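Colleague: I'm new to this model and would like a close look at one part of it. Could you walk me through the surroundings of one DNA strand?

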Protein chains: 2
Amino acid sequence: MAAGGVKVRHFILGLLNEQSMSGYDIKRFLESLSWLIGSPSYGSIYPTLKSLLEDERVSVEIESHPDRPPRKTYSLTEKGRQELDQWIHEPAVSSPSLKAFVMRLILADNMPRDNLVAQLQGRRDMVAEQNATLLETAHTLRQEPNPERRLALDYGMAIAAAELDWLDSVLNGFSLPSSGDAADE
Amino acid sequence: MAAGGVKVRHFILGLLNEQSMSGYDIKRFLESLSWLIGSPSYGSIYPTLKSLLEDERVSVEIESHPDRPPRKTYSLTEKGRQELDQWIHEPAVSSPSLKAFVMRLILADNMPRDNLVAQLQGRRDMVAEQNATLLETAHTLRQEPNPERRLALDYGMAIAAAELDWLDSVLNGFSLPSSGDAADE
DNA sequence: TCACTCATGTAATTGGTTACATGATTAG
DNA sequence: CTAATCATGTAACCAATTACATGAGTGA
């Protein structure tokens, strides 16, 4: 975690804004995305929740069971919403990694539309540029008889192409329907 | 960095095995991949190089220029090659993130072929599984009128699909030419 | 009986970032 | 004349990992 300025604290804040959950729930959700962005350990989730509670960014509802760990469901408080909001409005890193980008995408609910579009656009430009570099490098490498070195390159190009396609179609969807403004559906 | 057990130290070792370079060169190379896996700061590269030198994992050739920082070109030593080798043979984390996977892919040169194929296969299985989950979730979400939440999901599916395609074609390329090992599919 | 899921947490360590310091050379 | 690139490095800080500790319930 902590990719491109997105740290567990803010990520958790963003998840709790969507729905109240326990530390265990958070871990499970993140685990399902670990193939893409990895998953933080309990050792960072629980202490973060604790500090969030101390700072009154979250409130907790405890469901006690005799003789076993109580289930604690955390909810975002007004203060928590404020911190999240503040964080969202501070400028994102200029060239986010795929991971940082995905994390922000997950928190997109909390972002004003124009902020979101700006980030998508920024990402598109960067990926397009890097993809061009990748193509060049691939061309140069084609001469050399070094098949393994090409693996990562190939992979990068495949991902870049897919990402570009996706970004273009999403950006298209954002710019076309809003011919004026309106349309919040 | 430090995704899924791949830390700068080993990454640098792997890069130096391909060719001798300076700290600055390393940074530049990594910078070109930052859209995919991010890039470590100088604050981690230079100290790592220093410790690598102290441990005699690398040797250095200094090109002095009066009145400006000398250009230091690092090369892997035999000890360095050993450490890299040792690291490569220790078991990789079972479910690597995309980042960890790419990092290992970049170091694929140093990997025995069967190790590499195993990792590709493992990755394929995991991505396939997660992709299935993603599809389910997407289906469930389709009911809800919450378009933003779907963004990350959509993105994930697009990337997963591209990755699966790529992995399948690569694995195919590895199993066909060596028509001695049967493919189980 | 064994392994896995549920469910919480803490302490020690470490890996990496941020911010600083320095300064020549080249391109616009 | 300014901005970027080249090129190295250190010190303070902090976020996150690893390893540990606990224990009931469920399914094979």
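Modeller: Happy to! Around DNA strand D there are 24 residues, where a residue is near a strand if one of its heavy atoms lies within 4 Å of it. The closest are A:Ala2, A:Val8, B:Tyr24, B:Tyr46 and B:Lys72. Before we go on, please keep in mind that this is a predicted model, in which local features need pLDDT of at least 70 and side-chain atom pairs count only at pLDDT 80 or more, while totals for chains, interfaces and linings use all residues. Residues are numbered from 1 along each chain as its sequence is written, chains are lettered from A and ligands numbered from 1 in the order in which they are written, and side-chain values use heavy atoms, with hydrogens and water left out.

Which part of the strand faces the protein? Of the atoms of DNA strand D within 4 Å of the protein, 69% belong to sugar or phosphate, and bases supply the rest. Some polar contacts (pairs of N or O atoms within 3.5 Å) show this in detail. From chain A, a backbone N or O atom of A:Ser41 lies 3.0 Å from a phosphate oxygen of strand D, and one of A:Val8 lies 3.4 Å from a phosphate oxygen. From chain B, the side chain of B:Arg71 has an N or O atom 3.1 Å from a phosphate oxygen of the strand. The elements giving two or more residues to this surface are helix H4 (42-54) of chain A, along with helix H2 (23-31), helix H4 (42-54) and strand E2 (68-76) of chain B; helices (H or I, at least four residues) and strands (E, at least two) are DSSP runs, numbered from the N terminus.

Key
A polar contact is a pair of N or O atoms within 3.5 Å; within protein, one must be able to donate a hydrogen and the other to accept it, and residues adjacent in sequence count only if both atoms are side-chain atoms.
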